[in-house]
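Here are a few notes on the model you asked about. Have a look at the structure first, then read on.

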Amino acid sequence: MNAPSKLALAAHPRTTERTASPAIKTLSDQLRAATRARHEQALAEFWATTATDTPLIEPVADGTALTLLWRDAEAAAVLVTVNRVTNDLESSTMQRVPHTDVWHASYLLENDWRGSYTVLAADAAVLSTLCSMEPRAAMAHIRQHGVCDPRNRHSCLAHGHRRSSVAALKDAPVQRYFDPHAHPRGTATEHVTATGRRVWSYLPAEATSECPIVVVLDGDVWHASQYAATTIDALIDDGAIRAPLVLMVDPGPTAQRVADLHIDGPMAEEIVRDLLPWARSMFAISEDPADVVVSGESLGALTALKVAFDHPQSVGCAVSQSASLWQHDMLDRAASAEHPVRVYLAVGTKESVLLEPNRALRESLTVTPHELTYVEYNGGHDMACWRGGWAEGVRQMLARS
């Protein structure tokens, strides 16, 4: 393939090492020694046995290799985006076993890693376009147009309603409240508030009067995936929480979402001034701020922290995952909050831009009256991690006394 420019590759240095796959070495050795007839048989056996369930998790000398595979005899190149593991075309490009339809890429990862990925098979025209792009734009193109791995039965629905394959190594945190086969047993309803905001409510079958409320930002994906509803049911079944009303907020088009959830955006005020009063007019919700949780990821997490620190008299709990603290460090807001709040703060160790600001907020909160649960997970800016973290955050905030 045509190599990307050195300047483009230098813009985003790689943090994850490529490595060699033992399975691909075995296949390559077999093919080199095979007759022409045996060559095709060996390939067929590889796809029918070794590669039936991918990605491969392989022990290697330096640790564990995540080996991604793709079958394509016609592509000019095959590229993969692994969340916060690949960040330029060089790190994303799969290699081809010569004279075969086998494409492969292996990454050296720690055993507690979890993440999502998509694959794009490119013809010569697409490859040329990708090589001409700035690295960040090229990676975005691959994510937007890539597809799931057909040999991987695990996937997630991400923000933007794109589906990605999911891989987890053996020591990745157990997501005990996530079940991809579960169906909600409560009542889900779509509403339009007095301000014109679309929201979806989920009322568990076990909910009683004066129930807590969980406001979920970027609620469109949490509703469409049913992650929020099925997780709440599982937490209730475990006896871990009091059954809450879940209110999932539609962010609207991308430009509106960015404006609303920006540090100077109006969403925090909308939650307190409009959304909570509207919800109380529709449902029998607790008046206690300690029973009000706002959750979000990325920009949504920034807003969840903002509304809790700015309005502790209305919102007593924030579940923040991968908060976009590059916009604002939150230290002044946390220090000036009128009442203590409870915070679940999580960030991925592969989120290079967000990790240190979240650590700084952790250090600040430990010397305040606020109650903090802080989590670092081995992963990225990724629904594959957030859906499990959301369950833990809600569990912490609504634990039965």
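The points below cover one strand and its partners, then the two pockets.

1. Keep in mind that this is a predicted model. I'd start with strand β6, residues 114-122, which is mostly covered: 8 of its 9 residues are buried.

2. Which strands does β6 pair with? One is β3 (residues 77-82), antiparallel to β6 and joined to it over 6 bridges; here T81 stands opposite T118 of β6. Another is β8 (residues 163-168), also antiparallel, with 4 bridges to β6. In that pairing, S116 has V166 of β8 as its bridge partner.

3. Now the largest pocket, at about 1600 Å³. Its lining counts 46 residues, and N83, R84, R136, R143 and H381 are the ones nearest the centre. Two or more lining residues come from each of β3, β6, α6 (135-145), α9 (254-261) and α14 (383-397). The biggest contributor is α6, which gives 4 residues. If you're thinking about polarity, the lining splits into 17 nonpolar, 19 polar and 10 charged residues.

4. The second largest pocket holds about 560 Å³ of space. Its lining has 26 residues, with R153, H154, S155, F178 and R387 nearest the centre. The elements giving two or more residues to this lining are β7 (155-157), β8, α8 (227-237) and α14. Here β8 gives the most, with 4 residues. By class, the lining has 11 nonpolar, 9 polar and 6 charged residues.

5. One link to look at on screen: α14 gives two or more residues to the lining of the largest pocket and also to that of the second largest.

Definitions and conventions: Residues numbered from 1 in each chain as written. Predicted model: local features only at pLDDT ≥ 70, side-chain atom pairs only at ≥ 80, totals over all residues. Heavy atoms only, no water. Buried < 20%, exposed > 50% of the residue type's maximum accessible area, 1.4 Å probe, protein only. Pairing = 2+ DSSP bridges. 1 Å grid on protein atoms, 1.4 Å probe; cavity = no way out; pocket = protein on both sides within 12 Å on 5 of 7 lines; lining within 4 Å. Points joined across faces, edges and corners; volume = space filled by probe spheres on them. Nonpolar A, V, L, I, M, F, W, Y, C, P; charged D, E, K, R; others polar.
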